[in-house]
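Thanks for coming. Please have the sequence and the structure open while I talk.

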Amino acid sequence: MKLLHTAYLSLGSNCGNRQANILQALQHIRARAEVDRISSFYETTSAEIPEQFRYYIVACLIHTDLGPEELLSLLKRIAQRMCRQDNIENAPHPINIDILIYDDLILNNEQLFIPHPDLPPRPFALTPLSEIAPGLLHSVLGQTVENLLTKFPNQSMTKRSLRPCLSLDAQTKQPTVPLSLSRAGVKNQCRNIQLLQDGKPVLFSARMDLFVDLPPDQAGVHMSRFGDVVEDILRRMSPEPMPDIESLAEQISRGIVTVQGALRSEVHIRAHAPLQKTTPISNKTSEELYTLIGIASTAGKQTRRVIGVETEGMTVCPCAQDMVRDYSREMLREEGFTPDQVERILAAIPIASHNQRGRGTLLVGSDVHIRAENLVHLIEAAMSAETYALLKRPDELFVVNKGHRRPRFVEDVVREMLNSLVDIFPDLPDDAFVLAKQENLESIHKHNAFAERYGTLGEIRRELRGEGQRAAAHTSLDQWLKG
């Protein structure tokens, strides 16, 4: 690993979009150095300099593995790339980059002087440098930058606020059509999040959808405020990660209601999560990935939370298997086997069928805490067989045999998920929300098979107990979140 050096640079521009020029140069510098600190933008305001040629100047601290001559060569190439023309005398410059200080080096040759020879008498370089490193020592003069600035005061430097002057936010204006919106916000915000797993912080890659309701007298939502809430919460999570994804969704949902001034917010988070699995025969361990889902909706002081997972497994078609069984029965009879022998053979061997890779989803909304990993196992158990990232040949035989012994329609998988949930979590209240769905990627058909059931746990329990007739309507996730 190369040793990193510390250098302070001055960047100036006095033509074109001066702010954009400096930011573009910094972007090029970042390709070969770590930019640690950047000063405010300053403008030279001397009456002798026409306004259109006044410099914007910043100072920055970088860490680089380049030597001083290599760094100078890089900065010259950047300036040339940005159309600086050194052969025209007194021409305005899109960018000018100087090395002010490099470590504590003292260098004096034909190409490079370090510290920069004009640094003490150039307050327009000292001013921004003093902002980011007031105690930095000049290796030749033995004085700090702050002290040097007091000896060479500059009355022609002004700190610039480069934010545009904005009138009233367009979002707060009256819309042309005064109609409220159920949801407005942002989708697919990608962030890294930290959650506790087995008591340890684990980093997850997540996607977030963030919404609020919008009143009829407001043109739009403040999009940047969604990001503000997320970034603030993620910063606070750094030392103390959230215990689970639904708690994170709740925190963001509550924050959004506050900053947007909304009556209701809704947050959906999806993250890829690891799960250790062991193959059934060879006892090999591999890491599987499933999708972790956290949903929260806040209205006033009340927040409703949902935990969920998506994972994959295998299903075997019962219909095709029945046809293969009937065909095999006729073939065995034609070969001279007795009816009793035929049935014994068919019972002893797995019957062929086409199979599918299935993706199951299970959501549970309740104040009762449920581990996401438990829901993964419920989904896998509802399918014909689970799948693995790593399979040795004995494991492959086991999975195929198990799957063909347990053929399941897509509808069967959904019903098995819910039936198992009711049995295994009797402590879940009747007003808890559940959603189970399964989508099978068919192997011999051009379509996917799909089934879904949602509702309160009380609705599902009553049906499973045979109490009353089929419900005319099932409580949806949106209805449950709204309370």
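I will go through confidence, then the cysteines, then two helix pairs, and end with one more helix.

First, keep in mind that this is a predicted model. The mean pLDDT of the protein is 89, and 92% of its residues reach 70 or more. If we go by element, strand E16, residues 433-441, has the highest mean pLDDT, at 97. The lowest mean belongs to strand E8, residues 157-159, at 79.

Now the cysteines. How many disulfides does the structure hold? The number is zero. Take Cys-317, which is in no disulfide. Its nearest cysteine sulfur is that of Cys-319, 5.3 Å away. Why is there no bond from Cys-319 to Cys-317? Because 5.3 Å is too far for one; the cut-off for a disulfide is a pair of sulfur atoms within 2.5 Å. Are these two residues buried or exposed? Cys-317 has 13% relative accessibility, so it counts as buried. Cys-319 has 41%, so it counts as partly exposed.

Next, the first helix pair on my list. Helix H5 covers residues 223-237 and helix H6 covers residues 245-260. Their axes are 9 Å apart, and the packing angle is about 135 degrees. That angle makes H5 oblique to H6. The crossing is right-handed. On the H5 side, the residues that meet H6 are Arg-225, Phe-226, Val-229, Val-230, Ile-233 and Met-237. Look at the spacing of those numbers while I add a general point. An α-helix has 3.6 residues a turn, so residues three or four places apart point the same way. From H6, the residues in the contact include Leu-248, Ile-252, Ile-256 and Val-259.

The other pair is helix H9, residues 372-382, with helix H11, residues 410-424. Here the axes come within 8 Å and cross at roughly 135 degrees. H9 is therefore oblique to H11. This crossing is right-handed. H9 makes the contact with Leu-375, Leu-378, Ile-379 and Ala-382. H11 contributes Val-413, Glu-416, Met-417, Ser-420, Leu-421 and Ile-424.

H11 comes up again with the last helix, H12, residues 457-464. Which residues of H12 are buried? They are Leu-457, Gly-458, Glu-459, Ile-460 and Arg-461. What do they pack against? They pack against H11, E16 and strand E17, residues 448-456. So far as confidence goes, E16 is the strand I mentioned at the start, with the mean of 97. After H12 comes Gly-466, whose phi is positive, near 75 degrees.

That is my part done.

Conventions: Residues are numbered from 1 along each chain as its sequence is written. This is a predicted model: local features need pLDDT of at least 70, side-chain atom pairs count only at pLDDT 80 or more; totals for chains, interfaces and linings use all residues. Side-chain values use heavy atoms; hydrogens and water are left out. pLDDT is the predictor's confidence in each residue, from 0 to 100. Helices (H or I, at least four residues) and strands (E, at least two) are DSSP runs, numbered from the N terminus. Buried means under 20% relative accessible area, exposed over 50%, partly exposed in between (1.4 Å probe, protein chains only). Axes are lines fitted to C-alpha atoms, for helices over the stretch in contact, and angles run from 0 to 180 degrees between N-to-C directions. Angles under 35 degrees count as roughly parallel, over 145 as roughly antiparallel, 65 to 115 as roughly perpendicular and the rest as oblique. A crossing is left-handed if the near helix is turned anticlockwise from the far one by less than a right angle, and right-handed if clockwise. Contact means heavy atoms within 4.5 Å.
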